[in-house]
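Dear colleague,

Please find below the structure that I agreed to hand over. My account of what was found in it follows directly after.

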Amino acid sequence: MPLFTFYPCRKDGSSTAFETFEQHSDDDALVRANQVLREHSSAVEVVVWQGERRVGAVQRLGAPA
């Protein structure tokens with residue numbers, strides 16, 4: 001299974017942590033990103049990477065774009 005890296009980001013765009021998980025697909029990784037976002041209350045978004053490829057990001061509802 002591919003390994004994905006999840007970066008919970010604060011409002012200023014900084015990330016002081018990351019988590020890695022094996023996921024079956026990009027879609028599964030984005031579902032996991034929502035779980036990571038729920039676990040990091042100070043994060044407004046979670047950015048997902050697979051190696052050097054940016055997979056996408058999920059944002060907390062009401063978070064500034």
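Strand 3 (residues 45-50) and strand 4 (residues 53-59) run antiparallel and are joined by six bridges. One of the pairings involves V48, whose bridge partner in strand 4 is G56. The two strands form a hairpin with two residues between them. In this hairpin, G51 takes a positive phi near 60 degrees. Please note that the model is a predicted one.

As to the overall arrangement, the protein has four strands and one helix. Their order along the sequence is β-β-α-β-β.

The dimensions were examined next. The radius of gyration of the protein is 11 Å, which agrees with a compact globule, because a globule of that kind with 65 residues would have a value near 11 Å. Along the principal axes, the C-alpha atoms fill a box of roughly 30 × 20 × 20 Å.

Turning to the interior and the contacts, 28% of the 65 residues are buried. Among the contacts with a separation of 6 or more, 38% are between residues 24 or more positions apart.

Finally, I come to the surface and the charges. The protein has an accessible surface of about 4,300 Å², and carbon and sulfur atoms account for 49% of this area. The protein carries 7 positive and 9 negative charges, and the mean positions of these two groups lie 8 Å apart.

With kind regards

Technical notes: Residues are numbered from 1 along each chain as its sequence is written. This is a predicted model: local features need pLDDT of at least 70, side-chain atom pairs count only at pLDDT 80 or more; totals for chains, interfaces and linings use all residues. Side-chain values use heavy atoms; hydrogens and water are left out. The radius of gyration is taken over C-alpha atoms; the globule rule is 2.2 Å times the number of residues to the power 0.38. Buried means under 20% relative accessible area, exposed over 50%, partly exposed in between (1.4 Å probe, protein chains only). Contact means heavy atoms within 4.5 Å. Accessible areas come from the Shrake-Rupley method with a 1.4 Å probe; for residues, only the protein chains shown count as cover. Lys and Arg count as positive and Asp and Glu as negative; His and the chain ends are not counted. The place of a charge is taken as NZ of Lys, CZ of Arg, CG of Asp or CD of Glu. Two strands pair if DSSP finds at least two bridges between them.
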